[in-house]
Amino acid sequence: TLQSMPPLSQTPSQSYDGILGGNTMTPPVTSLELSKRLKALGVPQKSLIYWNVDGGYVYDPLIPNHHVECSAYLTDEIMRWLPDKTVLKKLEDSQYLCDQYGRLFNFIENSPAESCGGMLKELIKRGIVKVEDMKV
């Protein structure tokens with residue numbers, strides 16, 4: 001059966017211990033704060049993972065008693081909406097760079113999803129990516 005994940009830190013740069021039998025891993029999704037901002041901009045709310053209102057993850061938004069706040073986007077889910085010349089690169093200091101060649105801005109964050117999500121947010125705000133053109 002599908003179950004909700006226990007509450008997590010709301011910043012993906014912090015480790016979560018317990019998903020894989022006690023192995024520490026970084027949550028692979030956008031932070032709750034960035035996810036809410038993307039929702040407010042009109043980004044489609046269809047993803048493999050969702051934030052629920054208590055700050056935990058849920059994999060099926062239709063499970064009773066799991067009140068979904070917004071999508072928690074994986075890196076690949078965001079990359080499909082970014083322009084072709086977007087690159088994601090892991091830096092030596094364990095941070096991730098999302099860059100758009102030909103633009104005067106880039107994003108460096110502690111997780112690939114957060115870096116790409118920041119880029120998507122900025123491209124939508126500048127009118128370079130149109131929410132109405134996003135396919136799910």
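**Exercise 1. The hairpin of β7 and β8**

In the hairpin of β7 and β8, five residues stand between the strands, and serine 94 adopts a positive phi near 65°. Describe where serine 94 lies and how β7 and β8 pair.

*Solution.* The model is a predicted one, in which local features require pLDDT of at least 70 and side-chain atom pairs count only at pLDDT 80 or more, whereas totals for chains, interfaces and linings use all residues. Residues are numbered from 1 along each chain as its sequence is written, and side-chain values use heavy atoms, with hydrogens and water left out.

Step 1. Serine 94 belongs to the loop between β7 and β8 (96-100). Strands here are DSSP runs of E with at least two residues, and helices are runs of H or I with at least four, numbered from the N terminus.

Step 2. Its phi is positive although the residue is not a glycine. Serine 94 is partly exposed, with a relative accessible area of 44%; buried means under 20%, exposed over 50%, and partly exposed in between, for a 1.4 Å probe and protein chains only.

Step 3. β7 and β8 are antiparallel and share five bridges; two strands count as paired if DSSP finds at least two bridges between them. Among the bridge partners, tyrosine 96 in β8 faces lysine 90, and cysteine 98 in β8 faces leucine 88.

**Exercise 2. The sheet and the helix across it**

Determine the strand order of the open sheet that contains β7, and state how α3 is placed against it.

*Solution.* Step 1. The three strands are ordered β7-β8-β9 and pair in the antiparallel sense. β7 and β9 form the edges, each pairing on one side only. On average, neighbouring strands of this sheet are turned by 15° against each other, direction ignored.

Step 2. α3 lies across β7, β8 and β9 and runs at about 30° to β8. Axes are lines fitted to C-alpha atoms, for helices over the stretch in contact, and angles run from 0 to 180 degrees between N-to-C directions.

**Exercise 3. Two residues of the edge strands**

Compare the surroundings of threonine 86 with those of glutamate 109.

*Solution.* Step 1. Threonine 86 lies in β7 (residues 86-90) and counts as buried, at 9% relative accessibility. Its side chain reaches the backbone oxygen of proline 83 at 2.8 Å. A polar contact is a pair of N or O atoms within 3.5 Å; within protein, one must be able to donate a hydrogen and the other to accept it, and residues adjacent in sequence count only if both atoms are side-chain atoms. With neighbours within four places in sequence set aside, threonine 86 is in contact (heavy atoms within 4.5 Å) with Met79, Cys98, Asp99 and Gln100.

Step 2. Glutamate 109 is placed in β9 (residues 106-109) and is partly exposed, at a relative accessible area of 30%. Not counting residues up to four places away in sequence, glutamate 109 touches Gln95, Tyr96, Glu114 and Ser115. Its C-alpha atom is separated by 5.4 Å from that of tyrosine 96, which is 13 residues away along the chain.

**Exercise 4. The buried face of α1**

Identify the buried residues of α1 and explain why they line one face of the helix.

*Solution.* Step 1. Within α1 (residues 32-40), the buried positions are Leu32, Leu34, Ser35 and Leu38.

Step 2. Viewed down the axis of α1, these residues fall within an arc of 165°, so they line one face of the helix; the arc is that of the directions from the helix axis to the C-beta atoms.

Step 3. Their cover includes β4 (50-52), β6 (68-71) and α3 (112-125). Just after α1, glycine 42 takes a positive phi of about 95°.

**Exercise 5. The nonpolar cores**

Name the residues with the most contacts inside the largest nonpolar core, and state which helix gives the most to this core.

*Solution.* Step 1. The largest core comprises 18 residues, and those with the most contacts inside it are Val43, Leu82, Met119, Leu120, Ile124 and Met134. A nonpolar core is a set of buried Ala, Val, Leu, Ile, Met, Phe, Trp, Tyr and Cys residues joined through side-chain atoms within 4.5 Å.

Step 2. α1 and α3 each supply at least two residues of this core, and α3 gives the most, with five.

Step 3. Apart from neighbours within four places in sequence, leucine 120 is in contact with Leu38, Val43, Ile78, Trp81, Leu82, Val129 and Met134. A second, separate core of seven residues includes Leu32, Ile49, Tyr57 and Cys70.
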